[in-house]
Amino acid sequence: MRSTADRIRHAVSFEIVGLLTATPLVSWAFGLEMHAIGVVALVVATVATLWNYAFNLCFDRAMMRWLGHTGKSVLLRIFHAVLFETGLLAISLPFIAWYLQIGLWTALMMDLGFAGFYLVYAFVYNWAYDLLFPIPTQLTTD
């Protein structure tokens, strides 16, 4: 298991590296100012973090109420992920369109671009993090 300090380092560095990487890429891809994309990325990352907490709390409570447990099958995990991303999209899309003064279709493409980037980035980042900061092996006593 990782320590609390290690988990904090992981989460904070994940967001910082992600924002520093995604912002110029999205700015270039959509031909918009890096500052404006940076504000959008920072706001959406903050909203995603808050949404993650609220959504998972509500989802787990609903599971307890309706199913009596919080164990998730593969199908339920897929439903959970799709519902989470749909909710985040519904929250972030109007802000992106409003702040950047762009149409909803362009905002949707941008938001999907961010989601696609973070999907690949999370895989690469977590793999690299595990190589740079391996999980300490647990010592066993015989």
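1. Before anything else, a word on "buried": a residue is buried when its relative accessible area is under 20%, exposed when it is over 50%, and partly exposed in between (1.4 Å probe, protein chains only). By that yardstick, Asp6, Phe14, Gly18, Leu19, Ala22, Thr23, Val26 and Ser27 in α1 are buried. Keep in mind that this is a predicted model, where local features need pLDDT of at least 70, side-chain atom pairs count only at pLDDT 80 or more, and totals for chains, interfaces and linings use all residues. Residues are numbered from 1 along each chain as its sequence is written, and side-chain values use heavy atoms, with hydrogens and water left out.

2. Now the overall picture. The protein has four helices and zero strands, running α-α-α-α from the N terminus on. Helices (H or I, at least four residues) and strands (E, at least two) are DSSP runs, numbered from the N terminus. The C-alpha trace spans about 65 × 40 × 20 Å along its principal axes.

3. Of the 142 residues in the protein, 27% are buried. The accessible surface comes to about 9900 Å², and carbon and sulfur atoms own 73% of that; such areas come from the Shrake-Rupley method with a 1.4 Å probe, and for residues only the protein chains shown count as cover.

4. Back to α1 (residues 4-30). What span should its 27 residues have? At 1.5 Å a residue (times one less than the number of residues), the expected figure is 39 Å, and the end C-alpha atoms are 38 Å apart, which agrees. The buried residues of α1 pack against α2 (34-67) and α4. Just after the helix, Gly31 takes a positive phi of about 65°.

5. Contact here means heavy atoms within 4.5 Å. Among the contacts with a separation of 6 or more, 62% come from residues 24 or more positions apart.

6. Have a look at His80 in helix α3 (residues 74-100). Is His80 buried or exposed? Its relative accessible area is 15%, so His80 counts as buried. Leaving aside neighbours within four places in sequence, His80 touches Phe55, Asn56, Phe59 and Lys72.

7. Last, the outside of α4 (residues 104-132), where Phe123 is found. Phe123 counts as exposed because its relative accessibility is 54%. Together with Leu119, Val120, Val124, Trp127 and Leu131, Phe123 forms a nonpolar surface patch with about 720 Å² of accessible area. Patch residues have over 30% relative accessible area and no salt bridge; like charges are joined within 9 Å, nonpolar side chains (Val, Leu, Ile, Met, Phe, Trp, Tyr) within 5 Å. A salt bridge is a side-chain nitrogen of Lys or Arg within 4 Å of a carboxyl oxygen of Asp or Glu.
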